[in-house]
Amino acid sequence: MADLFQVRVAVRGYELDLQGHVNQAVYLQYGEHARWQCFLAAGVGPDVLVRAGVGPVVLETTIRYLKELRAGDEVDVTCRFVWGDGKTFRVEQDYTRADGVPVARVTGVAGLMDRTTRRLVADPAGRLRELATDPSWLGV
């Protein structure tokens, strides 16, 4: 199995709210960026997904804030997929400042949608395993 996937993101000034810390919606963007980078590392880019007629969908997201992120900070965002037997899977993402301080945890439920039927694929782990060139990044 591959190591835990991680990407570093630099906080930009325009991502701040009036309190001077990263706006809550930006945490979701950082998580989305990390998930796509993980998919790309696994060899499952948007072009592969479109050709296969499927696409990832987020069904639920929870953010737990632990510390502030401010302008100039760098944050490492991890990405781990937790697979079960059903049509959905869990996504766990930890956000840690470059100095090692945990700042947030984002968890969610996602699925893989068939773009023709607009229904969730019955075995998302199996389908992604078939499409990936390095499925270990996806934990499958």
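R118 sits in the loop that runs between β5 (102-114) and β6 (119-120). The structure is a predicted model. This briefing covers that loop residue, helix α1, the cysteines C38 and C79, and T78 of strand β3 (residues 74-82).

**Loop residue R118**
- R118 is not a glycine, yet its phi is positive, at about 60 degrees.
- The relative accessibility of R118 is 53%, so R118 counts as exposed, the cut-off being over 50%.

**Helix α1**
- Helix α1 covers residues 24-41, which is 18 residues.
- The end C-alpha atoms of α1 are 27 Å apart, which agrees with the 26 Å that the helix should span at 1.5 Å a residue.
- At the start of α1, N23 places a side-chain oxygen within 2.7 Å of the backbone nitrogen of A25.
- Just after α1 comes G43, with a positive phi of about 85 degrees.
- The buried residues of α1 are V26, Y27, Y30, G31, A34, R35, C38 and F39.
- An α-helix has 3.6 residues a turn, so residues three or four places apart point the same way.

**Cysteines C38 and C79**
- The whole structure was searched for disulfides, and 0 were found.
- C38 is in no disulfide, and the cysteine sulfur nearest to that of C38 belongs to C79, 4.4 Å away.
- C79 is likewise in no disulfide, its nearest cysteine sulfur being that of C38 at 4.4 Å.
- The pair does not count as a disulfide because the sulfur atoms would have to be within 2.5 Å, and they are 4.4 Å apart.
- C38 has 0% relative accessibility and therefore counts as buried, for which the value must be under 20%.
- C79 is buried too, with a relative accessible area of 2%.

**T78 in strand β3**
- T78 belongs to strand β3, which spans residues 74-82.
- With a relative accessible area of 7%, T78 is under the 20% cut-off and so is buried.
- A polar atom of the T78 side chain lies 2.9 Å from the backbone nitrogen of D94.
- Leaving aside residues up to four places away in sequence, T78 touches L4, F5 and Q6, and also E92, Q93 and D94.
- D94 therefore appears both in the list of residues that T78 touches and, through its backbone nitrogen, in the 2.9 Å pair with the T78 side chain.

Technical notes
Residues numbered from 1 in each chain as written. Predicted model: local features only at pLDDT ≥ 70, side-chain atom pairs only at ≥ 80, totals over all residues. Heavy atoms only, no water. Helix = DSSP H or I, 4+ residues; strand = E, 2+ residues; numbered from the N terminus. Buried < 20%, exposed > 50% of the residue type's maximum accessible area, 1.4 Å probe, protein only. Polar contact = N/O pair within 3.5 Å; in protein donor to acceptor, adjacent residues only side chain to side chain. Contact = heavy atoms within 4.5 Å. Expected span 1.5 Å × (residues − 1).
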